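Let's take a walk through a protein model together. Have a look at the picture first, and then we'll go through it step by step.

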Number of protein chains: 2
Amino acid sequence: MANVRLGVLGYGNLGRGVELAVRQNDDIDLVAVYTRRDPEDVEVETEGLAVKPAEVLETGEEPIDVLILCGGSATDLPEQTPHYASLYNVVDSFDTHARIPEHFDAVNAAAEAAGKTAIISCGWDPGLFSLNRLMGNCILPDGADYTFWGKGISQGHSDAIRRIPGVADAKQYTIPVESALEAVRSGSNPELTTRQKHTRECFVVLEKDADPNEVARQIETMPNYFADYDTTVNFITKKELKRNHSAMPHGGFVLRSGQSASGAKMLIEYSLKLDSNPEFTSCVLVSYARAIARLSAEGKTGALTVFDIAPAYLSPLDGAELRAHLL
Amino acid sequence: MANVRLGVLGYGNLGRGVELAVRQNDDIDLVAVYTRRDPEDVEVETEGLAVKPAEVLETGEEPIDVLILCGGSATDLPEQTPHYASLYNVVDSFDTHARIPEHFDAVNAAAEAAGKTAIISCGWDPGLFSLNRLMGNCILPDGADYTFWGKGISQGHSDAIRRIPGVADAKQYTIPVESALEAVRSGSNPELTTRQKHTRECFVVLEKDADPNEVARQIETMPNYFADYDTTVNFITKKELKRNHSAMPHGGFVLRSGQSASGAKMLIEYSLKLDSNPEFTSCVLVSYARAIARLSAEGKTGALTVFDIAPAYLSPLDGAELRAHLL
């Protein structure tokens, strides 16, 4: 079978992650990075990798089997994914949970009309965590779901801190509360408040003359983002922030705690510990891009999610090899 | 959609587990238990549940959408699954890993010829653990797999002890070595010997006049089963065995420890903690029976494994509900 030819739109952390992930998959080639910036300004890591202006995608003639969309969920993907799904098979990691249904419908309509295949909301949450929530619910219908995130940097919370007057830069770690995790693991199916599940730790660089007490107060009382959590605010220097908080670790836990009809307790736990959140997400995107290329070749059209794809499609191995070695 | 109508062949721990699991799934009905014993001798838990002789299945006319085969992997399933796959859609939990390829081929040939749909090797290992091995390998191609089992009772090892002269009864627990698990979680990708991964703990009831030292020696030196492990042998009374070791707990861990092309370390961990091994396996069987009924209705034929089934098929919810609530 010919190699899967990928294109990437957007060369931020995720696009760079896809470039790296492709190196670990012999059956997948990265054909080009497409960018809305001046291609001259985009320095890719891989020698010889083409960087092209996004406009060339409009012909629908770029030599790619799948286009991975590496834009943001707030404004990029709601426009980009339906648009490009009318031209190419696409993969995105749209992660605004509440807006998934409308995003799915828009992408599905575009892909169906064009005879293309798309997967949305592919990554680890939504993505692998969703798969585990689904499987847990099916297998243990009498039970409770628990999802914990971290320890890891939340981009949204870091951004929220940066918008406070007097803040030069900031990083925010979401941290699961170990005792809450243990309570879930005990099988007691605890009801946990927001505050009981996660704490938030902030590392903040102040602008000159900013009032640390006022900044801390604004963080700790910020509705939705921090007010419902036990929050720690640490003020550090720009240098310290760069040295100690430039990595993008993340992870988390999905648990399904349930019981059989006889009352026997069962616990399913799935967890990720990731030194690099974007690089891991990119690994997931590339695996699902392989699946999308195959499903498209089989004639499947429209939008899909991780729920709709048989796991064998993710693998470069054939069914007989999978059964012999991994079943 | 009409309820899925199940039949169960064999009423041991697994068949009883299916009977229980069906109670937790409103869209699934258990139509009958089929048995090779005298139906009069089979006491089912559910009032009014039909118990029929296995021979009636031969007509191919029993009013069931899927037949769950609850026999053993050693001798029952290699014969039963291909046979019944020529008459009904079937589900089995065949777990002799080394013989899966030939079993698959036999079931596939029978099911294809009859236009039926089958899933083999469905449970947690093979089954859910296999899914996690597959996903881990796809997402982190540069990495290592680790599977630990326990703490739980190994039927095979318990049987092996019972065959020793002088042993009246026995139960054997397989126990993962916590320090080995921690070494894997550290990301160091250790090479672990059999002895380093699991210990074995045996609870043995002796026959009158049996020599405990000789029995212990025979257990500890038994090739394949115990010789490569640190094994503890405890002699207890028949009463103690019944009181303290009648439950069938099990569980285990599947880990994929890998790294991205930049060297960022990633760990995926999946674990199960089960108060009842057979009841959990039955929950998995029933979820996949739902999937098989649907796939058959869609015209899919032949043998499948957990690798070949999109997770959405396991759920009673439709795609829109799944996307809105679980993605």
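Chain A holds 11 helices and 14 strands; these are DSSP runs numbered from the N terminus, with helices being H or I of at least four residues and strands E of at least two. Keep in mind that this is a predicted model, where local features need pLDDT of at least 70, side-chain atom pairs count only at pLDDT 80 or more, and totals for chains, interfaces and linings use all residues. Residues are numbered from 1 along each chain as its sequence is written, chains are lettered from A and ligands numbered from 1 in the order in which they are written, and side-chain values use heavy atoms, leaving out hydrogens and water.

What about the overall form? The C-alpha trace of chain A spans about 60 × 60 × 35 Å along its principal axes. Of its 327 residues, 55% count as buried, meaning under 20% relative accessible area with a 1.4 Å probe, protein chains only. Look at contacts (heavy atoms within 4.5 Å) with a separation of 6 or more: in chain A, 67% of them join residues 24 or more positions apart.

Now bring in chain B. A rotation of 180° with 0.0 Å of shift along its axis lays chain B over chain A, with an RMSD of 0.0 Å; the fit is by least squares on C-alpha atoms of residues with pLDDT of at least 70 in both copies. That's the relation of a two-fold axis. Both copies use the same surface, as 100% of the contact residues of chain B recur in chain A. Which residue of chain B comes closest to the rotation axis? Ala310(B) does, with its C-alpha at 1.9 Å.

Conventions: Buried < 20%, exposed > 50% of the residue type's maximum accessible area, 1.4 Å probe, protein only.
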